[in-house]
Every structure is written in C-alpha cells, then in structure tokens.
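Reader: Hi! I'm new to looking at protein structures. Could you walk me through this one?
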Amino acid sequence: MVLKLLTWNIHRGFHNRDHVIENHRLIAAQEVIRQESPDIVSFVEACYAKPNSKNIVLDYPELFSFPNYFAAAYPKFGKFSDDIGANCLLSHYPISAARVNLGRKSAIRAQVSLDNKLLHLDVVHPSPSINDKEKICDLDPMLLARSDSDYIMTGDFNSLSPNDLYDKQVLIEELSRFSDDPVKYADSMLEYRLVNHILSSGLFDALPENRRTSTVPTRSKYNVPVAGMRVDYFFVSPDVRVLDSYVIKNNLTEIASDHYPLVMVLEL
C-alpha cells in the first residue's frame, strides 16, 4: 500500500496573537492540502481544535475534508509560547489515538488502520523553551514504548539535525530575532543532541539528502529571505519504505504559516 503523509506547523491555528483568524492563511493551507491530496495530515499548533478559554473552535476535519480526526489541544490559552501547544491528526483511514503528556506540551500516539495492518504514528512538538537534553527526557517514554515496525514519529522538534550544514554566525543572527541570548541558544542547538538521540534509537530521517532544506521560517514571518533551519521531520522505522519526501515551498506555503509543510510518500 502506498500512502502520502503531510506534517505542518500551522502557527497558532491560522490566528494571530490576538486570536483573530487570518483567513488568507487558512485559504492558502486548504489549497495546499487540496493540491497535495495526502492520505494523512498531522498539524502542529492546531489551536482551537477543541473547546477552550477563547471560545473559538476550528472544525479541522470539515475545513480540510477528512472523515477521521483526533486532537490533543489545550483548553486554556496563556501568555507563554508553550500555551499554544496543540496537535491534530486527520486521516482518510480509521484512527485509534490517545493524548500523551509531553513535558510542558502534549503529543498524539495513534494507530491508523489500513487494509491489512496498523501504521503506528506519533505526532510531537517538544517545547522551544527547553534544551535538547530536556527534550530527550520528554520524548524518551514515547521512543522506548514505540512499535518495532511500521512506525513514524513526526512534527516540529525545535531541534537541528547533524546531517545539515549551518553557519553559526548566520544562525546566531536568525536566533537573535526571538532569543535574549542567541549565542547560547545557537551553541545548544548545534550540539544536535535530540536528533542524534532519535537516530541512535534506530529511526531514520525520511528526507533524502538532496531534498534537505529549511522548514522555518517562511516569508510570512519576516518578509525577507533568510537561511532558515530544518526543525520539522519524519523519523521512520527501518521497515518503512520511503518512496519520496520533500518540503513544499511555493507562493501558498509562504503565506499559510511560518513553517513549510513536509511530505512523505511511503509503501507498507
């Protein structure tokens, strides 16, 4: 069976910091999903997926035309970046899923029922407010309890890969846009602890070397081109046959979010 998966951090659920929906972003994302026609979609920062303190609810399965749905969302919005944590899974196949505590955030552990087997899928978004050592502590319970086969961990990991090349000074300049100590932040990220840990656990980065490019930020974030970082991934078990994987960069994804979506085509 051939499946297409798409993972995407949709930045505050297509709303601004004042909780006002930005319809042009939502419409752009809907068109991306229509054009790509994935079988399974995982959204990170899928805010408003369930009843919450702002009384705003987005019907993601209706908006993106998927019959099966599960969300792990926060009921209360706070002043910190971690308070917008939410994950959402959409599928054309039946889902059995549960919310998993992930440090300051939450994750989804799901099984997608295919014709003759189960696809095991975890959707995660470790906090950007903690270092890689702390992220490892948060993710280890999921990694240790994962399925040995037909397994995928995906999402926004807020961590860099040792297989990508970064200019430290350029990285410091980019991180200075939102960090009070960009040098310390860059030094920590360039240790690559989390991604190294995931790879050493026996999972593989599904994006081929010739397709590796930044997944954040898009033009919508700063309105200027920057080198960016790759922090969104599909990590797969060895038995998963990846037929294709790529980052979508076009006029629609430039405006839909501050992250680009990542696609993977696999055969099980």
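Author: Happy to! Keep in mind that this is a predicted model. Let's start with a loop: Pro217 sits between β9 (204-205) and α7.

Reader: OK, what joins Val216 and Pro217?

Author: A cis peptide bond joins them, with omega at about 0°. For background, most peptide bonds are trans.

Reader: Nice. What about phi, which residues that are not glycine have a positive one?

Author: Two to look at are His11, with a phi of about 45°, and Asn158, with a phi of about 50°. Neither His11 nor Asn158 is a glycine. In general, most residues other than glycine have a negative phi.

Reader: Where does His11 lie? And Asn158?

Author: Both are in loops. His11 is in the one between β1 (2-9) and α1, while Asn158 is in the one between β8 (151-156) and α4.

Reader: Switching topic: which residues line the second largest pocket?

Author: His11 turns up again there. The lining also includes His15, Asn16, Arg17, Glu22, His24 and Arg25, and from further along the chain Ser220, Lys221, Ile255, Ser257 and Asp258. The elements giving two or more residues to this lining are α1 (23-36) and α7 (219-222).

Reader: What volume does that pocket have, and how do its lining residues split by class?

Author: The volume is about 190 Å³. By class, the lining has 6 polar, 5 charged and 1 nonpolar residues.

Reader: Now helices! How do people describe two that pack together?

Author: By the angle between their axes and the distance between the axes. Take α3 (residues 132-144) and α6 (residues 193-200): their axes cross at roughly 25° and come within 9 Å. That makes α3 roughly parallel to α6, because angles under 35 degrees count that way.

Reader: Is that crossing left-handed or right-handed? And which residues make the contact?

Author: The crossing of α3 and α6 is right-handed. From α3 come Asp132, Lys133, Lys135, Ile136, Leu139, Asp140 and Leu143, and from α6 come Arg193, Leu194, His197 and Ile198. The contact of α3 with α6 has 5 charged, 5 nonpolar and 1 polar residues.

Reader: And α4 with α5, at what angle do they pack?

Author: At about 125°, with the axes of α4 (residues 168-175) and α5 (residues 182-189) 9 Å apart. So α4 and α5 are oblique to each other. Their crossing is right-handed.

Reader: Who meets whom there?

Author: On the α4 side it's Lys168, Leu171, Ile172 and Leu175. They meet Pro182, Val183, Tyr185, Ala186, Asp187 and Met189 in α5. The residues of this contact divide into 8 nonpolar, 2 charged and no polar.

Reader: Great, thanks! I'll go and find those in the viewer.

Note on methods:
Residues are numbered from 1 along each chain as its sequence is written. This is a predicted model: local features need pLDDT of at least 70, side-chain atom pairs count only at pLDDT 80 or more; totals for chains, interfaces and linings use all residues. Side-chain values use heavy atoms; hydrogens and water are left out. Axes are lines fitted to C-alpha atoms, for helices over the stretch in contact, and angles run from 0 to 180 degrees between N-to-C directions. Helices (H or I, at least four residues) and strands (E, at least two) are DSSP runs, numbered from the N terminus. Angles under 35 degrees count as roughly parallel, over 145 as roughly antiparallel, 65 to 115 as roughly perpendicular and the rest as oblique. A crossing is left-handed if the near helix is turned anticlockwise from the far one by less than a right angle, and right-handed if clockwise. Contact means heavy atoms within 4.5 Å. Ala, Val, Leu, Ile, Met, Phe, Trp, Tyr, Cys and Pro count as nonpolar, Asp, Glu, Lys and Arg as charged, and the others, Gly among them, as polar. On a 1 Å grid over the protein atoms alone, a cavity is a set of points where a 1.4 Å probe fits but cannot get out, and a pocket is an open set with protein on both sides within 12 Å along at least five of seven lines; lining residues have an atom within 4 Å of a point. Grid points are joined across faces, edges and corners, and a volume is the space filled by probe spheres set on the points.
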